[in-house]
Amino acid sequence: MMNQVKRRKELRGAAWLWALGWGLGRSVAEQRFPPPDFESGYQLPLTQTPAPRSLLLQYVDVGILAVALALACYLVYRRRSRTGVLALSLFSLVYFGFYREGCICAIGAPQNVALALFDSTYALPLTAAAFFLLPLAVALFAGRTFCAAVCPQGALQDLVLLRPVKVPAWLEQGLSVIPFIFLGAGLALAATGSAFVICRYDPFVPLFRLSGSFMLLLAGGLFLLLGMFVGRPYCRFLCPYGALLRLASIVSKWRVRITPDYCTRCQLCETSCPFGAIRTPVALPANPLALAPERKRLGWLVLLLPALVAAGALLGSRLTPVAAKLHPTVALAESYLDPHRAPTPPGVQTPESLALGRAEQNPTELIASALDVRRRLGTAMVWFGGWVGLVIGVKLIRLSIRSGRTDFEPDRAACFACARCYLHCPNERVRLGLMPASELPAIQPLPAPTLPQTGSHTT
Amino acid sequence: MNPPPQKTSPLSRRQFFRAGARVAGMTGMGLLCGILAPRASARTTVWQIDPAKCLRCGRCATECVLTQSAVKCFHTHAFCGYCQLCTGYFVPEPNGLNTAAENQLCPTAAIRRTYIEDPYYEYAIDETLCIGCAKCVEGCNRFGNGSLYLQVSQDHCLNCNECAIGRVCPGDAFRRIPIDHPYLLKTTSH
Amino acid sequence: MSELSQPTRVTRRRFLWQGIAGASVLGVMGGLAVRAVRSRQGAEDRAPNPFAYEMGHFEQTDASLIAYERVAGFRCPRPDPRRLTFDARGRLCLAAGNYVSLLDTAGATLSEIALPGPARALAAASDGTLYVGLRQQILAFDAQGQRRATWDPPPGKPWLTGLAVSETDLFAADAGNRVIHRYDRSGKPLGRIGERNADRNVAGFVLPSPFLDVELHPDGLLRVNNPGRHRVEAYTVDGHFELAWGKATAAIEGFCGCCNPINLAVLPDGRCVTCEKGLPRVKVYDLHGEFESVVAGVEAFPENAKAGAGDGMTDGVKAGLDAAVDATGRIYVLDMVTGDVHVMANKPGQALAG
Ligand code: SF4
Ligand code: SF4
Ligand code: SF4
Ligand code: SF4
């Protein structure tokens, strides 16, 4: 009974909406020709309208996210427990991954935020906002604990890791700009309402759903295969949300410290990180003048930065027509205006010919909205191009900055806080009572600073 | 046993920068919240098909991220003619007006045909079988009353950020509608 | 010590080399992205719908069956045209939207009558009176276009879709009540025709959609379409069921889809012109109800064929055809979707023997 009342209510609501939506051409809900009068007393069934997942359950998702984040921080920093982190990440994989089928997900959330910022008609779901903000806020204080134990995509890759190989530094550094570029592209396309590329090209969500296009399933499989030998390849070299978390965790208050106490530079942990995040101690040369050529290069790079940004912006504006094709309206308008368009043979209805038929009904409106999209995309592409230039420039500068380090410690940005390295540290083993303190290796001296090889310089 | 190293100064320059950046980051996120607050809404949206715009292209069956599409055929019985020869149920030139498989238009036999009284039959969709291919919708629209039409069945739909069908829909029929009225049903006023 | 631990130990040559390597990686990725975008409107857009509703060869008409050709045509002066008929003076009466336009045979507007609502039925009496059927009401206009009478709506849920008038009687096809009302010329109800009645051997009209037409035949009987039964039925004016012909098939000799024909016209010699929707086509049936020839096939109405019948406007019509016959036997075909009137005449030398 209740159900029926509810359904009728829904029906009435739908009728109202329908009148609103369709009524543009027709003023009232349609007076339709009635169905036959049945002599057998047959009653017209109501159309069933299954309800969507309730809002309450969506808030449950947010709650679980918050609890999982807090638990992850506790496990990484207080308990320093890899087992705990692993267990939590398994839970996240099952819940956010296989049960929620990769939706809602933090990786795609920046796009929702970008769209909401630029499109006032888009209602940003509170869940998407929460999934965007919570892990980021946590990363500002506690690093990438989200990656360690809450992100299902990360957990999946972490799980298949078999025999990590070291990615050469130049490749690692070169590839690590891609997440930032991907992020820029995703935001630019989302902000203009063109596409949600980050969601579209997520290789793992189809695996969670056990369905999807063949290419994406294949890509997911390949990533997992690669992930057996290269730790978290998607996280390190593609994930756009990871790029944001990287930035946030550079300034985080707490961070992963391999040693619970102090570092003896025993080198036991050096290769323990499957993600190449551990940096070895570096001493700065006593005489800063020894670094003069490097400083000079740094100076040049700083000067180069604006040029890179400008070049990127220019390139971006040049690529606007290509990018605009991603937008269905522009694509349709272009193929409508294409003078070489082959006439569709009669009878054969393809999606293309159907869309063109729609275009023919109202070409002016279509072309106007296509031009509007292209104008907006033009602006977005300039920003995106500039962003790419900036990312590359900053990367070059970062590569040229030399900073001293006394301990073996993970790079703040690159560390996923997975807690693997802890147990490699003899101090940690002493702390856990796994070995007597007397067996601690002696403190090693800082390695001597390596100076630039001035021999190859001509200036 | 190693001697502990000497303590460094309590607040290094770097730590200070970091703290500053953190405050800046939090402020930025706060600002973002401020801007987004009026745009954010608990009344989330869902994807739905405007039946008036659907061109029955068949993509709803092939493009959904789910193996069996979340798009299903819906039936507004108040529009239905209860035809004996339902062009949504039968292939264009059926061998006979019976439920034999070769006479059925639906590729998954998702439509149930029930006799009501002479000469009227009720047609009902079995959601578990329907793949949203719109074949019956085309038949019903072309000859009949258009009482069959496609809708995104919200209990199946994952509510993707960007509906994979809507992206390629030639009729531009997909749009976001408020979650509390998640259907665009055809209704009558009589 | 590993390279990784010392990212700062970079010589100019290595810096350049790494820069080039990095740039080329980026370049290749960018190129791939551009190519992916370029090929976006790929093959899948041009692949035909695997679930297409295939009418196949039924959409082509065998040219040898087409006995008519288009000799003239014009566009309706008003939007939403629904019906046409000829009045006693040979003017073409065209109901479109809230108007009836009186046209000459070349399509020029002679005069117009404004109506309180959209008209779905027309009948012109030999004395010059024009009867117009609105959804629920019948209006009578004199030859000058002055409204002379407004009849009371029939009881029930009337939805008038066809009119025919004789010297003494008016017949109104009421799709809503699934009946033909018989009136005298002053509007007095005289009887109901075609209601389901097993004793009188009347099966009843099956009307999934509001298409019920009535025409007077030279043999004195009424011709009424019964779309849900895919046939044309003949009744005496007293409501005796006399005969029926027609069969359900998408092939050219039958009536296609769930419910056809939708409209009728009668040639001077008594042969019957039928109009269909879904597969829009106009055909001629002989005095025995045998298929004779095609006036215009699906090819003549491409827009109409695309439109789909059901997703109707307020009067339940989105696609459809109507036909009227002038004194010389030319058939005027109205395409309700495009608003065109096609004037069809027998192909010279091809007039099939009736
Ligand atoms: S916690 Fe340790 S092992 Fe894990 S990513 Fe960070 S540095 Fe590497
Ligand atoms: S993709 Fe669009 S046009 Fe095609 S069947 Fe689905 S809603 Fe209709
Ligand atoms: S024909 Fe297609 S849309 Fe219609 S019921 Fe069958 S599967 Fe569903
Ligand atoms: S939103 Fe996603 S699940 Fe729903 S119909 Fe579209 S593609 Fe399918």
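A polar contact is a pair of N or O atoms within 3.5 Å; within protein, one atom must be able to donate a hydrogen and the other to accept it. By this rule, 15 residue pairs are in polar contact across the interface of chain A and chain B, with both residues at pLDDT 80 or more. The model is a predicted one.

The side of chain A that touches chain B draws on several elements. Those giving two or more residues are helix H1 (2–22), helix H2 (55–78), helix H4 (109–118), strand E1 (124–125), helix H5 (126–142), helix H10 (197–200) and helix H18 (351–361) of chain A. H1(A) gives the most, with 8 residues. By residue class, this side of chain A divides into 52 nonpolar, 18 polar and 12 charged. In total, 82 residues of chain A and 72 residues of chain B take part in the contact. The area buried between chain A and chain B is about 6500 Å². Carbon and sulfur atoms give 64% of that area.

Side chains of opposite charge can pair when their charged atoms come close. Between chain A and chain B the count is 1 salt bridge. Glu162(B) and Arg200(A) meet in a salt bridge through their side chains, at 3.4 Å from N to O. Backbone pairing also links the two chains. E1(A) pairs with strand E1 (residues 40–41) of chain B. The sense is parallel, and the pairing runs over 2 bridges. Within this pairing, Leu124(A) has Ala40(B) as its bridge partner in E1(B).

Chain B also meets chain C. Here 37 residues of chain C are in contact with 31 residues of chain B. The two chains bury about 2700 Å² between them. Of this area, 53% lies on carbon and sulfur atoms. The interface of chain C and chain B holds 2 salt bridges. Arg142(B) forms a salt bridge with Glu59(C), and the closest N and O atoms are 2.9 Å apart. Polar contacts across the interface of chain C and chain B involve 8 residue pairs, both residues at pLDDT 80 or more. On the side of chain C that touches chain B, the elements giving two or more residues are helix H2 (43–46) and helix H3 (302–307) of chain C. The residues of this side divide into 18 nonpolar, 9 polar and 10 charged.

Three ligand sites were examined. Ligand 1 is surrounded by residues of chain A, including Val256(A), Cys273(A), Phe275(A), Ile278(A) and Pro410(A). Cys415(A), Cys418(A) and Cys421(A) are also among the residues around ligand 1. The shell of ligand 1 divides into 11 nonpolar, no polar and 1 charged. Arg420(A) is one of the residues around this ligand.

Ligand 2 is surrounded by residues of chain B, among them Cys54(B), Cys57(B), Cys60(B) and Cys169(B). Arg56(B) and Arg59(B) are also among the residues around ligand 2. So is Gly58(B). The shell of ligand 2 divides into 9 nonpolar, 1 polar and 2 charged.

Ligand 4 has around it residues of chain B, including Trp47(B), Val65(B), Ala70(B) and Leu158(B). Cys64(B), Cys157(B), Cys160(B) and Cys163(B) are also among them. The shell of ligand 4 divides into 10 nonpolar, no polar and no charged. Ile165(B) is listed around ligand 4, and Ile165(B) is listed around ligand 2 as well.

Over all chains, the whole structure contains 40 salt bridges. One pair is formed by the side chains of Arg257(A) and Glu409(A), at 3.8 Å from N to O. Arg257(A) lies in the loop between helix H14 (240–250) and strand E2 (278–279) of chain A, and Glu409(A) lies in strand E3 (residues 409–410) of chain A, so the pair ties together parts that are 152 residues apart in sequence.

Some backbone features stand in loops. The peptide bond from Asp118(B) to Pro119(B) is cis, with omega near -5 degrees. Pro119(B) lies in the loop between strand E4 (111–117) and strand E5 (120–125) of chain B. In chain C, the peptide bond from Asn260(C) to Pro261(C) is cis, and omega is near -5 degrees. The loop that holds Pro261(C) runs between strand E17 (241–245) and strand E18 (263–266) of chain C. Tyr82(B) is a residue other than glycine with a positive phi, near 55 degrees. Tyr82(B) lies in the loop between strand E3 (71–75) and E4 of chain B.

Notes:
Residues are numbered from 1 along each chain as its sequence is written. Chains are lettered from A and ligands numbered from 1 in the order in which they are written. This is a predicted model: local features need pLDDT of at least 70, side-chain atom pairs count only at pLDDT 80 or more; totals for chains, interfaces and linings use all residues. Side-chain values use heavy atoms; hydrogens and water are left out. A residue is near a molecule or strand if one of its heavy atoms lies within 4 Å of it. Ala, Val, Leu, Ile, Met, Phe, Trp, Tyr, Cys and Pro count as nonpolar, Asp, Glu, Lys and Arg as charged, and the others, Gly among them, as polar. Contact means heavy atoms within 4.5 Å. Buried area is the accessible area (1.4 Å probe) that two parts lose on being put together, summed over both. A salt bridge is a side-chain nitrogen of Lys or Arg within 4 Å of a carboxyl oxygen of Asp or Glu. A polar contact is a pair of N or O atoms within 3.5 Å; within protein, one must be able to donate a hydrogen and the other to accept it, and residues adjacent in sequence count only if both atoms are side-chain atoms. Helices (H or I, at least four residues) and strands (E, at least two) are DSSP runs, numbered from the N terminus. Two strands pair if DSSP finds at least two bridges between them.
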